Amino acid sequence: MKKNFKAIIASILVFSMVFALSSCKQDPEPETTTTTASAATTSALTTVSATTVQTETLQSTTAATTVAGTTAGPAETQSTAPVNGNISQSLLPDNYTKEQALELFNTALNKVKTEKPAFTKEHVIKLETFETSVANTIVNLLKPVLFPEKLITTNVSKGENCDAVFPVEDKTFASRVTMSDIQDITVTKEGENYVLTVTMPETTNPENGDDAYGRIFKCKTRQDAKDEYAEKVKAKIDLNKVTMRFNNCSAKLTLNPQGQVIHYYQYIKSTLNITGVEVMGIKDISLSGDAASVNDYLNFVW
């Protein structure tokens, strides 16, 4: 009984560590401080660099509208890829097509990595549900201890390489999503700023390669979860019985009128399921949990 209890507790503890990283794979970050948060960080606006648009007919637009299937304006209007990060006054982002808005989204984010502004990153993970096939009473009693919500803050100086901190972490790009990768993109105007929000479709077992999620997020894969869990508790795990499911994931970017990012907010919701686990001779242990990972990038200084 004592052996079984130890195996259960060890299994739960290690799963908590694995799950804490499952929503968004985290690497060591410089200048990091950790504090306990009572709730996940609040969603914020984010500023984005802009698209230069060549037009034959100038349009002046000041209304605040949301793009939800807008057409590309007059037939004589042509748009080009973002150049120099300046929003053209001839066709403002709230009149962009979805394709133009996504092009602006990618270009603005990628400029963070090339132009290296100063910013602050705040990261928090909120465990929403956690269940095991054993010891659920113990889990519920120890949940506040096993799964505290911790806010991790990282400051990046101007001119500092931010590839390891700014998404996509450890890549030279920040976003390369295409229209076929995303579920939707909207543009709203808030004051003089523009907010571009990308929502992602539900996916299972993304591989962090050249897939849709790998072009905007750095998510832990089921292979990562399996290897980490198996190593720390010497557990026997079948990779085919590990599932990482992502849903309701989004990225919100805010741009100023100059097309510079002023706020970027990522919300990554994941569900991790592991079945058929064997630990210390105890077989067929099942564990599952839902968590939300929030990455908030703010206080940009260009």
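This is a guided tour of a predicted model, arranged as a series of selections to make in the viewer.

**The whole chain**

Begin with everything shown as a cartoon, where 4 helices and 10 strands can be found in the protein. Followed from the N terminus, the elements come in the order α-β-α-β-α-β-β-β-β-α-β-β-β-β. Of the 302 residues in the protein, 50% are buried. Among contacts with a separation of 6 or more, 79% are between residues 24 or more positions apart.

**Helix α2**

Select residues 98-115, which make up helix α2 with its 18 residues. From the first C-alpha to the last the helix reaches 26 Å, close to the 26 Å expected at 1.5 Å a residue. Now colour the buried residues of α2, which include Leu 102, Phe 105, Leu 109 and Val 112, and also polar or charged names such as Lys 98, Gln 100, Asn 106 and Lys 111. To see what covers the buried residues of α2, add the strands one by one: the covering elements include β2 (118-132), β4 (184-190), β5 (193-199), β8 (250-255), β9 (261-279) and β10 (282-301). Before leaving this region, step just past the end of α2 to Lys 116, whose phi is positive at about 55°.

**Strand β2 and its partners**

Next select β2, a strand in which 11 of the 15 residues are buried. Its pairing with β10 is antiparallel and extends over 13 bridges, and a convenient place to inspect it is Thr 132, which stands opposite Leu 287 in β10. β2 also pairs with β3 in the antiparallel sense, here over 5 bridges, and Lys 121 has Thr 154 in β3 as its bridge partner.

**The nonpolar core and its rings**

Turn now to the side chains of the largest nonpolar core, which has 56 residues, and centre the view on Phe 105 and Phe 166, those with the most contacts inside that core. With neighbours within four places in sequence left aside, the contacts of Phe 166 are Leu 109, Val 112, Lys 113, Phe 119, Ala 174, Tyr 264, Tyr 297 and Phe 300. Showing rings alone, one can select the cluster that ring pairs form from Phe 105, Phe 119, Phe 166, Tyr 264, Tyr 297, Phe 300 and Trp 302.

How many aromatic pairs are there in the model? The count comes to 11. One of them is formed by Phe 119 and Phe 300, a stacked pair with 5.3 Å centre to centre and 25° between the planes. This pair links distant parts of the chain, since Phe 119 belongs to strand β2 and Phe 300 to strand β10, 181 residues apart. Both Phe 119 and Phe 300 are buried. Keep Phe 300 selected and add Phe 166, because these two form an edge-to-face pair with 6.4 Å centre to centre and 90° between the planes. Phe 166 lies in the loop between β3 and β4 while Phe 300 is in strand β10, so the pair ties together parts that are 134 residues apart in sequence.

**The loop between β3 and β4**

Stay in this loop and move along the backbone from Phe 166. The peptide bond from Pro 167 to Val 168 is cis, with omega near -5°, and Val 168 is found in the loop between β3 and β4. Asp 170 has its place in that loop as well; its phi is near 65°, a positive value in a residue other than glycine. Is Asp 170 buried or partly exposed? With a relative accessible area of 45%, Asp 170 is partly exposed.

Further along, select Asp 181, which is found in the loop between β3 (150-156) and β4. Asp 181 is buried, with a relative accessible area of 6%. Its side chain reaches the backbone nitrogen of Thr 178 at 2.9 Å, and a polar contact of 2.7 Å joins the side chain of Asp 181 to that of Arg 215. Not counting residues up to four places away in sequence, Asp 181 touches Arg 176, Met 200, Pro 201, Ala 212 and Arg 215.

**A last stop at Asn 205**

Finish at Asn 205, in the loop between β6 (203-204) and α4 (222-233). Asn 205 has a positive phi of about 55° although it is not a glycine, and at 18% relative accessibility Asn 205 counts as buried, because the cut-off for that term is under 20% relative accessible area.

Technical notes. Residues are numbered from 1 along each chain as its sequence is written. This is a predicted model: local features need pLDDT of at least 70, side-chain atom pairs count only at pLDDT 80 or more; totals for chains, interfaces and linings use all residues. Side-chain values use heavy atoms; hydrogens and water are left out. A nonpolar core is a set of buried Ala, Val, Leu, Ile, Met, Phe, Trp, Tyr and Cys residues joined through side-chain atoms within 4.5 Å. Buried means under 20% relative accessible area, exposed over 50%, partly exposed in between (1.4 Å probe, protein chains only). Contact means heavy atoms within 4.5 Å. Helices (H or I, at least four residues) and strands (E, at least two) are DSSP runs, numbered from the N terminus. The expected span of a helix is 1.5 Å times one less than its number of residues. A polar contact is a pair of N or O atoms within 3.5 Å; within protein, one must be able to donate a hydrogen and the other to accept it, and residues adjacent in sequence count only if both atoms are side-chain atoms. Two strands pair if DSSP finds at least two bridges between them. Rings of Phe, Tyr and Trp (its six-membered ring) pair if their centres lie within 6.5 Å; planes under 30 degrees apart count as stacked, over 60 as edge-to-face and the rest as tilted.
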